[in-house]
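Q: Please give me a close look at the ligand site. Begin with the helix packing, then move to the ligand's surroundings.

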Amino acid sequence: MTLGLALLRALKNHGAQEIFGIPGDFILPLFKQIEESRILPLHTLSHEPALGFAADAAARMHCGLGVMAVTYGAGALNVVNAVASAYAECSPLVILAGCPGEVEAHSGLVLHHQVRSIDSQLRIFSEITCDQVRLSNADTAPEDIARVLRNCREYSQPVLIEIPRDMTLQPMREVPVLPPRSFNAEAVAEAADEWLARIHAAKNPVMVVDVEVRRFGVEARVAELARRLQLPVLTTFMGRGLLAEDGVDLHGTYLGVAGAPETTALLDDSDLPVMLGAILSDSNFGVSAQRMDFRRALIAAHREVRVGHHMYHDIPLAALVEALLERIPPASGARRTLPPQPEYPRGLVADDTPLCAGDLSRALNDRILAHGPMNIVSDMGDCLFAAMELLPTPLVAPGYYATMGFGVPAGIGAQVATGERSLVLVGDGAFQMTGWELGNCPRLGLDPIVIVLNNQSWEMIRAFQTESQCAALGDWRFADMANVLGGRGHRVTTRKEFKTALDAAFAERGRFQLVEFMVPPGDSTPTLQRFSEGIRALRARAAV
Ligand SMILES: Cc1ncc(Cc2csc(CCOP(=O)(O)OP(=O)(O)O)c2C)c(N)n1
Ligand SMILES: [Mg+2]
């Protein structure tokens, strides 16, 4: 077997289901093996950042590995921001990057796509991946690949695999699948006992879930834990959409000063937050009116379990969850009185009223109520705040790293991964960055529905700095361009037009739909309004 084929088989054995790629001469030999072997389907896009976002969304949707293949230098360095986003948001990506072969690397010439040195690519990626390897030795490569892929899965973070182009066809043994890294079962038991003692003693504990419960495949088990413990469940900003289909009473997303007061109070007033998979980021907890004292919380994330001031190290989240479930038989859940669930906007009146940003979630919630949850992908911008107003439904979004450009490519990756149509929410500014990837949909046989929240501005910038003139983008008339790219464009300005366009978009399969949702510059969702007012108030208070 060749190194290339063994690598492809290993990726599939570790949970990869597809590859997103753009070739270049340094990785062409591998592309040849990808296409000829058909071990994993190859989906090409137009610009490398989109590969990263698509692979990231695919990994988040199928809970496997997201894989992208890029050429050396120009290709790989083009995907750095998307990989950084995946690193920050614990998404397991494998970057297959070409690199020069042994002879050419020592030819005495500097090579095309090379930066400071042949190793620059490896050095740059070492900052945004949890492990890296260059496959320059076919004897050691199988164990190196096995190590890197296990780390990718167990840390749920990106890894880099460099394939020198003179190595792809080298004979190589199969890649083993290493057993999961061991952990100390006694430490897990002690941590679970300590957690339960604190939970049973607490007056108003609350469970807070974040992305690691999806990344490590424990969403359903965490839902069962919430049911048995009878705890109210909040998601973090990043974790919005989690447990949406696991039959648990979700009490909304913690948004601090920007959230519904009764939802915010569930965490702010709790004497014991039980935080599973939580990234302690500013977007998750920075909008709290009171500085969160995490020492009063139980926190399990990044293979660490924290109780007050002390820490249990190297404990997988799944092991802790199972140990807790073993200690709470199904019927024994304490009967706590749970608070009422939050209200969500609904009941859009389809009349001639001009659209406002708040109508977006209202109309989509009507759709969710009538037809059930759907896979929603959001970009960064006010569209993400609209997503916070939706009824529980699966959501993929850059809620922490907060990069623009994620939405459309991620919607493509999500449909590739699930076979289900994605609904993408994206602002006009972010659409300018990567929205044109929609032009690949006819060739790829994909038909996402994309709602462009077109306020002709970088509204989030204006929300935080109202005097910025640079935020004005003008009106690009995206719907007119949709038809040229092989899709269907709908430009809507009133509630009735939006309802009609949405119904038509869902009714037509086989073509991507672009609904251009027109609102005036300065208009924003109620959630973004509360968020920006809250941030300004907190900053003003901190400045005193
Ligand atoms: C890659 C990158 N570059 C800049 C920024 C900084 C930013 C965050 S939000 C925003 C404006 C987004 O405008 P859009 O029209 O898409 O959405 P809306 O606010 O609803 O009008 C910018 C420029 C980020 N986050 N990522
Ligand atoms: Mg905008």
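A: Start with α15 and α22, which are oblique to each other (not under 35 degrees, over 145, or within 65 to 115, the ranges for roughly parallel, roughly antiparallel and roughly perpendicular). This is a predicted model, where local features need pLDDT of at least 70 and side-chain atom pairs 80 or more, while totals for chains, interfaces and linings use all residues. Residues count from 1 along each chain as written, chains are lettered from A and ligands numbered from 1 in written order, and side-chain values use heavy atoms, without hydrogens or water.

Helices here are DSSP runs of H or I, at least four residues, numbered from the N terminus. Helix α15 spans residues 358-371 and helix α22 spans 495-507. They pack at about 45 degrees, with axes 11 Å apart. Axes are lines fitted to C-alpha atoms over the stretch in contact, and angles run from 0 to 180 degrees between N-to-C directions. The crossing of α15 and α22 is right-handed (the near helix is turned clockwise from the far one by less than a right angle).

A second pair is α3 (residues 48-62) and α17 (residues 407-418). Their angle is about 40 degrees, and their axes lie 7 Å apart. α3 and α17 are therefore oblique too. α3 also passes α17 in a right-handed crossing.

Now the ligand. Around ligand 1 sit 16 residues (each with a heavy atom within 4 Å). Ala402, Asp428, Gly429, Ala430 and Ser457 come nearest. The shell holds seven nonpolar, six polar and three charged residues. Asp, Glu, Lys and Arg count as charged; Ala, Val, Leu, Ile, Met, Phe, Trp, Tyr, Cys and Pro as nonpolar; the others, Gly among them, as polar.

Helices α18 (428-434) and α20 (459-464) each supply at least two shell residues. α18 gives the most, with four.

Look at the polar contacts (N or O pairs within 3.5 Å). A nitrogen of ligand 1 is 3.0 Å from a polar backbone atom of Met404. An oxygen of ligand 1 is 2.8 Å from a polar backbone atom of Ser457. For Glu459, a polar backbone atom is 2.8 Å from a ligand 1 oxygen. Taken alone, ligand 1 exposes 590 Å², and the protein buries 79% of that (Shrake-Rupley method, 1.4 Å probe).

Key. Polar contact = N/O pair within 3.5 Å; in protein donor to acceptor, adjacent residues only side chain to side chain.
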